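Colleague: I would like to learn how to read a fold of this kind, beginning with its strands and ending with its core. Could we go through it feature by feature?

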Amino acid sequence: MENAEKDLERIEIELLLQGLYAWCGYDYRDYAYSSIRRRIRYRMQAEKAPTVTALLDKLLHDSECLRRLIADFSINVTEMFRDPAFFAAFREKAVPALRTYPSIRIWHAGCATGEEVYSMAILLQEEGLYEKSTIYATDVNANALKTAKAGVFPLSDMKKFTGNYIKSGGKGAFSDYYHVTDNGVKFDSRLTKNVVFAQHNLVTDGSFNEFNVIFCRNVLIYFNKALQEKVHTLFYESLGLFGILGLGDKETVAYTRYADRYEDVHRGEKLYRKAK
């Protein structure tokens with residue numbers, strides 16, 4: 001009986017995801033099942049929906065409920081200089097090559113609320129590369145992008161962010177990059193002078209430029225194998241020759257069709273160079 005209930009639940013979830021796609025174009029059909037299931041169950045409890053099918057019925061007739069579920073599906077776990085050793089490795093291994101370029105294009109795919117974007121802007125400024133750089137910060141979540149554009153973050157986060165910055169090889173005082181306001185901490189607007197914020201869906205949208213660097217960290221883990229392969233194709237086609245790809249600590253180019261087309265920049269920190 002228990003297996004039958006699990007099978008029924010899976011069928012209902014597949015119908016819900018298909019319904020979302022048919023009704024409003026949001027495509028979560030190839031997201032990792034366990035992750036999507038947790039978020040649907042959370043929304044069922046919050047909406048007091050007894051079944052997945054009941055939740056689908058509400059989604060189709062209540063735009064606010066739909067908005068809440070889409071927000072649940074969006075993963076916005078991030079912080080400034082997250083995994084400091086990654087940024088230290090980028091400074092050491094990737095920055096010397098970037099110095100040789102007349103201009104630099106960087107794509108932060110799935111940038112969430114923008115902490116990683118501000119981290120990169122600070123790093124580039126400290127390395128004397130910001131003025132010749134353009135950073136493209138994209139995410140599927142419009143509300144997350146709005147937060148990223150505003151550049152206002154909780155004061156309570158600054159202690160951790162400062163520690164990350166120092167461990168990443170920061171060359172100044174982290175507090176020089178922000179000031180405290182009534183609403184939290186506001187980062188210097190000069191950090192976003194060369195940043196383009198835009199909505200982009202890794203599941204459905206294609207390439208829009210050729211990049212020297214692509215960061216997509218801790219996003220692919222929420223996709224199934226087929227969707228991961230599709231996104232790896234997008235990144236490979238979007239990177240110029242010798243471009244740098246930065247992934248999260250649980251992600252890799254190994255076991256993809258592009259494994260032999262990259263070389264390690266720093267294997268431990270998941271930095272790769274497109275070699276062919």
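Modeller: Two strands pair if DSSP finds at least two bridges between them, and the elements themselves are DSSP runs numbered from the N terminus, helices being H or I over at least four residues and strands E over at least two. This is a predicted model, in which local features need pLDDT of at least 70 and side-chain atom pairs count only at pLDDT 80 or more, whereas totals for chains, interfaces and linings use all residues. Residues are numbered from 1 along each chain as its sequence is written, and side-chain values use heavy atoms, with hydrogens and water left out.

Colleague: Which residue stands opposite Y178 in β5?

Modeller: The general idea is that strands of a sheet pair through backbone hydrogen bonds, either parallel or antiparallel. Here Y178 faces F187 in β5, and β4 and β5 are paired in the antiparallel sense over four bridges, forming a hairpin with two residues between them.

Colleague: In what order do the strands of the three-stranded open sheet lie?

Modeller: The order is β3-β5-β4, with antiparallel pairing. Because β3 (152-153) and β4 (178-181) stand at the edges, each with a single partner strand, one side of each is left without a neighbour in the sheet. Two bridges join β3 to β5 (residues 184-187), and F153 stands opposite V185 in that strand β5.

Colleague: There is also an open sheet of seven strands; how is it ordered?

Modeller: Its order is β6-β2-β1-β7-β8-β10-β9, and the pairing is mixed. The edges are taken by β6 (195-199) and β9 (262-266), each having a single partner strand, so one side of each is left without a neighbour in the sheet. From one strand to the next the twist averages 20°, where angles run from 0 to 180 degrees between N-to-C directions and axes are lines fitted to C-alpha atoms, for helices over the stretch in contact.

As for individual pairs, β1 and β2 run parallel and are joined by six bridges, with I104 opposite S133 in β2. By contrast, β8 and β10 (residues 271-274) run antiparallel over three bridges, and I244 stands opposite R273 in β10.

Colleague: Which helix packs on the sheet by touching β1, β2, β6 and β7?

Modeller: That is α6, whose direction makes about 170° with that of β2; contact means heavy atoms within 4.5 Å. Helix α9 also packs on the sheet, touching β1, β7, β8, β9 and β10, and its direction makes about 135° with that of β8.

Colleague: How many of the residues of strand β2 are buried?

Modeller: Buried means under 20% relative accessible area, exposed over 50%, and partly exposed in between, with a 1.4 Å probe and protein chains only. Strand β2 (residues 133-139) is mostly covered, with six of its seven residues buried.

Colleague: And is E127 buried or exposed?

Modeller: With a relative accessibility of 8%, E127 counts as buried. E127 lies in the loop between α6 (115-126) and β2, and, leaving aside its neighbours within four places in sequence, it is in contact with R91, V95, R99 and K171. R38, which is found in helix α2, is exposed, its relative accessible area being 52%.

Colleague: How should I read a pair of packed helices?

Modeller: Two packed helices are described by the angle between their axes and the distance between the axes. Helix α3 (residues 52-61) and helix α4 (residues 63-73) pack at about 115°, with their axes 5 Å apart. The residues that meet are L55, K58, L59 and H61 in α3 and S63, C65, L66 and L69 in α4.

Colleague: Which residues have the most contacts inside the largest nonpolar core?

Modeller: A nonpolar core is a set of buried Ala, Val, Leu, Ile, Met, Phe, Trp, Tyr and Cys residues joined through side-chain atoms within 4.5 Å. The largest one has 43 residues, and those with the most contacts inside it are L16, L20, I40, W107, L202 and F235. Among the elements that give two or more residues to this core are α1 (2-24), α2 (33-47), β1 (104-109) and α9 (225-238).

I40 touches I13, L16, V52, L55 and F73, not counting residues up to four places away in sequence. A second, separate core of 42 residues includes I106, F153, Y165 and V265.
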